[in-house]
Amino acid sequence: MNRHYHPREVFAYTISGVWGYLEHDWTATAGDFVHETPGGGIRWLPMNTSSR
């Protein structure tokens, strides 16, 4: 997934792997819960965050 936008709230639980957005200084790993508010601009989710 590349550039995207959420018109509604998002609740995400990371089962495995690592992910994060280029706009934020955090990365989610296995067991992490992430809440995103609606809107908030367009987000960039890189396909490979292994270098983070």
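**Close-up views of a six-stranded chain**

**View 1. H6, a buried loop residue.** H6 is buried, with a relative accessible area of 15%, so the residue falls under the 20% cut-off for that label. As in every view here, what you see is a predicted model. H6 belongs to the loop that joins strand 1 (3-4) to strand 2 (10-13).

**View 2. The surroundings of H6.** Leaving aside residues up to four places away in sequence, H6 touches Y21, E36, P38, G39 and R43. With one of these, E36, there is also a polar contact, side chain to side chain, at 3.5 Å.

**View 3. W19 and Y21, an aromatic pair.** The whole structure holds four aromatic pairs. One of them is formed by W19 and Y21, whose rings meet edge-to-face, with 5.6 Å centre to centre and 85° between the planes. Both residues are buried. W26 joins W19 and Y21 in one aromatic cluster. Y21 also links this view to the previous one, since Y21 is among the residues touched by H6.

**View 4. The chain as a whole, for orientation.** Stepping back, the chain has six strands and zero helices, so its elements read β-β-β-β-β-β from the N terminus on. Of its 52 residues, 29% are buried. Among contacts between residues at least 6 apart in sequence, 51% join residues at least 24 apart. The accessible surface comes to about 3800 Å², and carbon and sulfur atoms account for 55% of that area.

How values were computed: Residues numbered from 1 in each chain as written. Predicted model: local features only at pLDDT ≥ 70, side-chain atom pairs only at ≥ 80, totals over all residues. Heavy atoms only, no water. Helix = DSSP H or I, 4+ residues; strand = E, 2+ residues; numbered from the N terminus. Buried < 20%, exposed > 50% of the residue type's maximum accessible area, 1.4 Å probe, protein only. Contact = heavy atoms within 4.5 Å. Areas by Shrake-Rupley, 256 points an atom, 1.4 Å probe, with all protein chains shown as cover. Phe/Tyr/Trp six-rings, centres within 6.5 Å; stacked < 30°, edge-to-face > 60°. Polar contact = N/O pair within 3.5 Å; in protein donor to acceptor, adjacent residues only side chain to side chain.
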